[in-house]
2 protein chains.
Amino acid sequence: MASSSTKPLDRVARPSAKPTRDRIVRAATDLFSERSFDGATTREIAAQAGVTQPLLNYHFRSKEELWQAAVDSLFERLNKTLDERTTGLRGVDEVTSAKLRVREFVTFSARNPQLHRIIMQESKADGPRMDYLVDRHVRPIYERTVALFEALARRGAVPDIPSAHLYYILTGAGPTMFVLAPECRRLTSLDPSDDAVIEAHADAVCLLLFGSP
Amino acid sequence: MASSSTKPLDRVARPSAKPTRDRIVRAATDLFSERSFDGATTREIAAQAGVTQPLLNYHFRSKEELWQAAVDSLFERLNKTLDERTTGLRGVDEVTSAKLRVREFVTFSARNPQLHRIIMQESKADGPRMDYLVDRHVRPIYERTVALFEALARRGAVPDIPSAHLYYILTGAGPTMFVLAPECRRLTSLDPSDDAVIEAHADAVCLLLFGSP
DNA sequence: CAATAGCCTGTTCAATCGATTAGCCTGCGC
DNA sequence: GCGCAGGCTAATCGATTGAACAGGCTATTG
């Protein structure tokens, strides 16, 4: 097969191109998560990035490749955030450490709802973009999380629930309030972007999982 | 303003039109939930329904109106399912009744992941379709659920968590495994459409919320 | 000081979108 | 048994989509 997918552009990039490229990726992240892959137009992305539409095809081979760049940058941010929280925790016991990790996950999901929106989006079509997401990004996180939960379950720190179910309970209970933020604002008097609300939600999730916030 | 939205077509429908209309709505439900509003094309919906594309504009004024019909039929099914479970429960205590309702919600979400997929989809754009969803369908369910949780909390049957947070924990933890079914199949050895898996997930959610399945 | 390569824009193309129109076929009411 | 309205299709519309192309500006390079 002549699959060429995502070869880097064979061009020696100059540093002056980086900020422009970053603005495009940021705009693409927002619009892909808001409008879905099909719903987001390259013209709209270009407009939000403050550039012309053909420039997207200059920096990226296709809309598909721009989508991959957006996804990569999102997961890079997530992994960096979680890693920073994990290191610097030498000597803290395993349960407390896990709780902090969960809280960090909830906070990140609140500040970056785009990630879960894109995952939800793509996990329906079940196409090549789903392959990219799972193989490249989701599986490593899933396996680390499951291993953590199973260690916690052996200590009795979390309820005895099959780890796959626990994983989807966490990835559902944590981000949904923020993924559905516009709905939440209409239904309740809460603003999901408010720090106090985020804190309260992290409390709630930890209370359910660990028995204490 | 000349807003005309969703007037019924001024035409005396014959019974022979109903099955065709239903097939179109069913196909629209599947494709809107899989591909999002923008991603689903009227031609594809027509093809899956086994009719020609202009027929959609015969039965519905616009793509928007077809979307509303699909959403209406989904929520009608949800409400019917939950109501059937609630009646026929005379004399059962409140906690057991709530548990059964939650289990029914999880089961419905597993068999009809389209509903949550569409809600997730629309809750990002924050446009007129979001208004339609919340005002017409989600708010009544939200208020009933919150009232139920607050009654349960007064009895100590569920953890003391602000009801809005509890609502989003439930609507996240319950359906996410099934909304992300294609992802789940790749990550785990579980098939989210398997009855045993659905049962196990309902057990897990009830265990976390109520302390026992 | 040329000249080359990276960065970016204006213009345009074929494909595809939702919607409209004109018209065919069928079966019910009179 | 005739007319007419409902159900449906074929053909086509203007608008918009992602992408390609040709060319201009600028900074680095030799």
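**Note on the predicted model: chain pairing, DNA surface and helix packing**

1. In this predicted model, the pairing of the two chains brings 44 residues of chain A into contact with 44 residues of chain B. On the chain A side, the elements that each supply two or more residues are α1, α6 (113-125), α7 (128-154), α8 (163-173), α9 (176-179), α10 (181-187) and α11 (195-210). Of these, α8(A) provides the largest share, namely 7 residues.

2. As to the character of that side of chain A, its residues that touch chain B divide into 25 nonpolar, 10 polar and 9 charged.

3. The fold of chain A itself contains 11 helices and 0 strands, so that, read along the sequence, the pattern is α-α-α-α-α-α-α-α-α-α-α. The C-alpha trace of chain A spans about 55 × 45 × 35 Å along its principal axes, and 38% of its 213 residues count as buried. Among the contacts in chain A with a separation of 6 or more, 58% come from residues 24 or more positions apart.

4. Turning to the nucleic acid, DNA strand C is surrounded by 20 residues, and the closest are Arg14(A), Ala17(A), Pro54(A), Pro54(B) and Ser62(B). Two or more residues of this surface are given by each of α1 (17-39) and α3 (54-59) in chain A, and by each of α2 (42-49) and α3 (54-59) in chain B. The largest share, 3 residues, belongs to α3(A).

5. The composition of the surface near DNA strand C should be reported alongside its location: the residues there divide into 8 nonpolar, 8 polar and 4 charged.

6. Within chain B, one helix pair can be described in detail. The axes of α4 (residues 63-86) and α7 (residues 128-154) of chain B come within 11 Å and cross at roughly 30°. Because angles under 35 degrees count as roughly parallel, α4(B) and α7(B) are roughly parallel to each other. The crossing in which α4(B) passes α7(B) is right-handed.

7. The residues that form this helix contact can be named on both sides, with Trp67(B), Gln68(B), Val71(B) and Phe75(B) in α4(B) meeting Arg129(B), Tyr132(B), Leu133(B) and His137(B) in α7(B). The residues of the contact divide into 5 nonpolar, 2 polar and 1 charged.

Notes: Residues are numbered from 1 along each chain as its sequence is written. Chains are lettered from A and ligands numbered from 1 in the order in which they are written. This is a predicted model: local features need pLDDT of at least 70, side-chain atom pairs count only at pLDDT 80 or more; totals for chains, interfaces and linings use all residues. A residue is near a molecule or strand if its C-beta atom, placed from the backbone, lies within 6 Å of it. Helices (H or I, at least four residues) and strands (E, at least two) are DSSP runs, numbered from the N terminus. Ala, Val, Leu, Ile, Met, Phe, Trp, Tyr, Cys and Pro count as nonpolar, Asp, Glu, Lys and Arg as charged, and the others, Gly among them, as polar. Two residues are in contact if their C-beta atoms, placed from the backbone, lie within 7 Å. Axes are lines fitted to C-alpha atoms, for helices over the stretch in contact, and angles run from 0 to 180 degrees between N-to-C directions. Angles under 35 degrees count as roughly parallel, over 145 as roughly antiparallel, 65 to 115 as roughly perpendicular and the rest as oblique. A crossing is left-handed if the near helix is turned anticlockwise from the far one by less than a right angle, and right-handed if clockwise. A residue is buried if 20 or more other C-beta atoms lie within 10 Å of its own, exposed if 12 or fewer, and partly exposed in between; C-beta atoms are placed from the backbone.
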